[in-house]
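Colleague: Before I plan anything at the bench, I would like to go through this model with you. Please keep the answers short and give the cut-offs.

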Amino acid sequence: MLLLNIHLFFESVPNALAELARYSDRQFYVDWWNAVTVEEFIQKWFKLPYIFFYRHGFVRLVLKYHMNQTLARIITFIFYSVSMELVLILALGVYKCYTLKLLMVALMWHIIQLRFPPIDPNIFNTVTLFGFL
């Protein structure tokens with residue numbers, strides 16, 4: 001049920017609004033099933049929130065506050081996770097924090113991926129996709 005609601009709020013509704021506003025030529029998502037890293041998966045699956053947090057979070061932390069890019073990525077991902085959980089809490093009225101917990105596990109996996117680059121991208125692709133299932 002939770003995955004259905006996440007799909008509804010973060011993928012179907014933006015696409016429906018784009019069709020109504022005649023912006024159907026916009027690219028809201030791309031081939032997320034080919035993602036090798038967690039960051040690439042989030043970037044492709046949740047394209048609109050990712051662009052927003054990249055522009056207003058990551059870029060500002062790096063350029064204005066001269067923060068390390070890895071630390072800025074982690075902080076931006078934490079803000080992204082909390083805000084996504086808040087949207088689901090406000091929309092559904094249920095406070096379980098499943099999404100936040102799963103995204104924190106994804107953050108740990110992302111840190112491991114940053115520390116140890118993939119030898120074979122297919123292995124990381126498989127582990128990333130099964131990690132989200």
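Colleague: In which helix is the place of threonine 76?

Modeller: This is a predicted model, in which local features need pLDDT of at least 70 and side-chain atom pairs count only at pLDDT 80 or more, while totals for chains, interfaces and linings use all residues. Residues are numbered from 1 along each chain as its sequence is written, and side-chain values use heavy atoms, with hydrogens and water left out. Helices are DSSP runs (H or I, at least four residues; strands are E, at least two), numbered from the N terminus. On that numbering, threonine 76 is in helix H4.

Colleague: Is threonine 76 buried or exposed?

Modeller: Buried means under 20% relative accessible area, exposed over 50%, and partly exposed in between (1.4 Å probe, protein chains only). Threonine 76 has a relative accessible area of 10%. That value is under the 20% limit, so threonine 76 is buried.

Colleague: Which residues is threonine 76 in contact with, leaving aside its neighbours within four places in sequence?

Modeller: Contact means heavy atoms within 4.5 Å. With those sequence neighbours set aside, the contacts of threonine 76 are Phe53, Gly57, Phe58 and Leu61.

Colleague: Which element gives the largest share of the largest nonpolar core?

Modeller: A nonpolar core is a set of buried Ala, Val, Leu, Ile, Met, Phe, Trp, Tyr and Cys residues joined through side-chain atoms within 4.5 Å. The largest one has 18 residues, and Ile42, Phe46, Phe77, Tyr80 and Met84 touch the most other members. Two or more residues come from each of H1 (2–20), H2 (38–45), H3 (47–63), H4 (69–92) and H5 (98–115). The largest share, five residues, comes from H4.

Colleague: What does phenylalanine 46 contact, leaving aside its neighbours within four places in sequence?

Modeller: Phenylalanine 46 is one of the core members that touch the most others. Beyond its sequence neighbours, phenylalanine 46 is in contact with Ile6, Phe10, Tyr80 and Met84.

Colleague: Which residues does glutamine 113 touch, not counting residues up to four places away in sequence?

Modeller: Glutamine 113 lies in helix H5. Its relative accessible area is 6%, so glutamine 113 is buried. The residues that glutamine 113 touches are Val36, Thr37, Val38, Phe124 and Thr128.

Colleague: What is the radius of gyration of the protein?

Modeller: The protein has six helices and zero strands. For 133 residues the globule rule (2.2 Å times the number of residues to the power 0.38, with the radius taken over C-alpha atoms) gives 14 Å. The protein's value is close to that, so the protein is as compact as a globular protein of that length: its radius of gyration is 15 Å.
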